Each structure stands twice: as structure tokens, then as C-alpha cells.
Amino acid sequence: AASLAAGNYTGTINVHSDDIVNPTVPVSVSLSVSAPAPTAAVSPGSLSFSFPQGGNGSSTFGIGNSGSPGSTLHYTIDTAATSCASPGPVVWLGRSPASGSVAQGAAAAAITVTADRSSLAPGSYSAFVCVPSDDPAHSRVAVPVSRAATAGIFSEGLGPPPWAHTF
């Protein structure tokens, strides 16, 4: 079956004997060949950002395929505010590319995650980057993302120090 494409195959084997009544007995045979199974491998398993309010940053993680030889992992990239079971837009979180595939044994695909803090107040925020794929054992991998937006030095009503004035 190694050279057969994935699919269902049927045939008949004829068994011949010296039986006078039934010299040939047909036996039906069926074979189901499955495609090699991919296995999603995500690294690192979480991302964290920390920078002043209004700042932006990016980080990457890899998606590899440690599955069966000859398998190809097909995936998409989503975001979710609370759970990958219900993905949806997260205002401060972006990702690129939005989908792709990786063959078993090939280099991991790089996914760039961007955090945009320009519209958020200082504080801690968390969300998920979700990786739905055709991995039969792990059809959706969640990558936790956390970010801390800190107040800038002049955002709390503090002005520049008196010696910083130019004359």
C-alpha cells in the first residue's frame, strides 16, 4: 500500500480448487489507504510583550510538522480573546501569515505576531493565537499571549524636569 494514493480500493481474489461443484470461489477484498498523518509542533508555546503605552512590538513562533513521513500539515492562524474554541478579532493583536502548510521534516514556518498598544490603557492584557490544523490528534493548538502596557514617564501629568528646558 506504500505506493497507493489515499483512498478506498476494492477487488476480487479468485480461489481455485479441485472442487467439482465450486472450482472457483470469488472473495471480495477492500482496502482503505489513509494519507500520512501530520502532527503540529508549535514553538515557543507562549509569547509575552512588555513596553510603554503607545508602543508596538513583534515576536515570532514556529509551526513545524513532526508527523508521519510524507505528511503535510495545513494550518490557519486565528486570534481569540478568551478561548480558541471561539476565535475572533483581538484589537491589539495581529498575525502574519494567516495560513500555510509545512511538510514533515521541512523547516518550521515562521509566524509573526504583533502587539499594538497604541489604543490601550496601561495594564495587563492576555489573548490567544490559535492554530487550527489538519493534525488529527490536536486540531487546534492555543498559543497564550500576554502583554503589559506601562505608563510612559510623562503620561501621569509629570512634565520634563526643570533643567530640561531650552533657552
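So, Phe61. In this predicted model, and leaving out residues up to four places away in sequence, Phe61 touches Val42, Ser43, Pro44, Leu47, Ala109, Ala110, Ile111, Val113, Val129, Val131 and Val143. Phe61 also turns up in the largest nonpolar core, which has 23 residues. Along with Ile63, Trp92, Leu93 and Val129, Phe61 is among those with the most contacts inside that core.

Where does the core come from? At least two residues each are supplied by E4 (47-52), E5 (56-65), E6 (72-76), E10 (109-116), E11 and E12 (140-150). The largest share is from E10, with 4 residues.

Okay, on to the sheet. There's an open sheet of 4 strands, and the order is E3-E5-E10-E8, with antiparallel pairing. At the edges you've got E3 (40-43) and E8, each pairing on one side only. If you ignore direction, neighbouring strands here are turned by 25 degrees against each other on average.

Let's look at one of those pairings. E8 and E10 run antiparallel, and 4 bridges join them. Leu93, which I mentioned for its contacts in the core, stands opposite Ala115 in E10.

Now the disulfide. How many does the structure hold? Just 1. Cys84 is joined to Cys130, with an S to S distance of 2.1 Å. The pair links distant parts of the chain, 46 residues apart: Cys84 is in the loop between E7 (78-80) and E8 (93-96), while Cys130 is in strand E11 (residues 123-132).

Left-handed or right-handed? The torsion about the S-S bond is about -90 degrees, so this disulfide is left-handed. And are the two cysteines buried or exposed? Cys84 has a relative accessible area of 6%, so that one counts as buried. Cys130 is buried too, at 0%.

Last stop, Ser133. You'll find Ser133 in the loop between E11 and E12. Its relative accessible area is 15%, and with the cut-off for buried at under 20%, Ser133 is buried. What does Ser133 contact, once we leave aside neighbours within four places in sequence? That would be Ala40, Leu73, His74, Tyr75, His138 and Ser139. There's a polar partner as well: a polar atom of the Ser133 side chain lies 3.2 Å from the backbone nitrogen of Asp135.

So if you open the model yourselves, start at Phe61 and its contacts, then go over to the disulfide between Cys84 and Cys130, and finish in the loop with Ser133.

Definitions and conventions. Residues numbered from 1 in each chain as written. Predicted model: local features only at pLDDT ≥ 70, side-chain atom pairs only at ≥ 80, totals over all residues. Heavy atoms only, no water. Disulfide = S-S within 2.5 Å. Buried < 20%, exposed > 50% of the residue type's maximum accessible area, 1.4 Å probe, protein only. Core = buried A, V, L, I, M, F, W, Y, C linked by side-chain atoms within 4.5 Å. Contact = heavy atoms within 4.5 Å. Polar contact = N/O pair within 3.5 Å; in protein donor to acceptor, adjacent residues only side chain to side chain. Pairing = 2+ DSSP bridges. Axes fitted to C-alpha atoms, helices over the stretch in contact; angles between N-to-C directions.
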